[in-house]
Amino acid sequence: MGLGFIIGVFGVLFLFHAAYSTIQYRGLLKIMEEEFSGPPMNVVLELLLGFVFCVSAALTVPGNFLSIHPDSEENRIVSLPANLDFMIFNHRAKALPSVIDMKLKH
């Protein structure tokens, strides 16, 4: 576990605590028969802090990018056109007039 993962866990915990605090605050307002106009400022700050932690963890925790070039040595797929079962040639573009048909009609 790296530092980024631990920051992400703290971010998720902050978000859960902010949600719990908001639910608790709304329950308190119902008891006092007041209207809910928004969460308190400490909950908003906790939400923002949790969001920043989660975004920073999401940007730092994932591994290295892999190459997308088909000739690269790092690819796990050796040849892409080997499976022709999913190639579709019958699609909506056949309803459009082709360029060749347009030239023949003139």
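**Entry 1: overall make-up**

I counted the secondary-structure elements and found three helices and zero strands in the protein. I read the order from the N terminus on as α-α-α. I note at the outset that this is a predicted model.

I then looked up the confidence. The protein averages a pLDDT of 79, and 67% of the residues score at least 70. I compared the elements: helix H2 has the highest mean pLDDT, 93, and helix H3, residues 99–105, has the lowest, 58. Where pLDDT is low, the predicted coordinates should not be read in detail. I therefore kept to H1, H2 and the loop between them in the entries that follow.

I also looked up burial and contact range. The protein has 106 residues, of which 10% count as buried. Among contacts with a separation of 6 or more, I found that 65% join residues 24 or more positions apart.

**Entry 2: the H1–H2 pair**

I described this pair by two values, since two packed helices are described by the angle between their axes and the distance between the axes. Helix H1 spans residues 3–31 and helix H2 spans residues 41–60; I found that their axes come within 7 Å and cross at roughly 155 degrees. An angle over 145 degrees counts as roughly antiparallel, so I recorded H1 as roughly antiparallel to H2. I recorded the crossing of H1 past H2 as left-handed.

I listed the residues that meet. On the H1 side they include Gly4, Ile7, Gly8, Phe10, Gly11, Val12 and Phe14. Further along H1, the list also includes Leu15, His17, Ala18, Ser21 and Thr22. On the H2 side I noted, among them, Val43, Glu46, Leu47, Leu49, Gly50 and Phe51. Phe53, Cys54, Ser56, Ala57 and Thr60 also belong to the H2 side. Sorted by class, the contact of H1 with H2 has 13 nonpolar, nine polar and one charged residues.

**Entry 3: two residues of H1**

I asked myself whether Ser21 is buried or exposed. Ser21 has a relative accessible area of 15% and, because buried means under 20%, I entered Ser21 as buried. Ser21 is placed in helix H1. Leaving aside neighbours within four places in sequence, I found Ser21 in contact with Val43 and Glu46. Both partners are on the H2 side of the contact listed above.

Phe16 is also found in helix H1. I entered Phe16 as exposed, because its relative accessible area is 59% and the cut-off for exposed is over 50%. I looked up its distance to Gly50: the two are 34 residues apart in sequence, and their C-alpha atoms are 8.9 Å apart in space.

**Entry 4: the loop between H1 and H2**

I turned to Phe36, which lies in the loop between H1 and H2. At 31% relative accessibility, I recorded Phe36 as partly exposed. Which residues does Phe36 contact, leaving aside its neighbours within four places in sequence? I found Thr22, Tyr25, Arg26 and Leu29. For Phe36 and Arg26 I noted a C-alpha to C-alpha distance of 6.7 Å, at 10 residues apart in sequence.

I found Glu33 in the loop between H1 and H2 as well. I looked up its backbone and found phi near 55 degrees, a positive value in a residue other than glycine. Most residues other than glycine have a negative phi. I recorded Glu33 as exposed, at 74% relative accessibility.

Terms used: Residues numbered from 1 in each chain as written. Predicted model: local features only at pLDDT ≥ 70, side-chain atom pairs only at ≥ 80, totals over all residues. Heavy atoms only, no water. Axes fitted to C-alpha atoms, helices over the stretch in contact; angles between N-to-C directions. Helix = DSSP H or I, 4+ residues; strand = E, 2+ residues; numbered from the N terminus. Parallel < 35°, antiparallel > 145°, perpendicular 65-115°, else oblique. Left-handed = near helix turned anticlockwise from the far one by under 90°. Contact = heavy atoms within 4.5 Å. Nonpolar A, V, L, I, M, F, W, Y, C, P; charged D, E, K, R; others polar. pLDDT = per-residue confidence, 0-100. Buried < 20%, exposed > 50% of the residue type's maximum accessible area, 1.4 Å probe, protein only.
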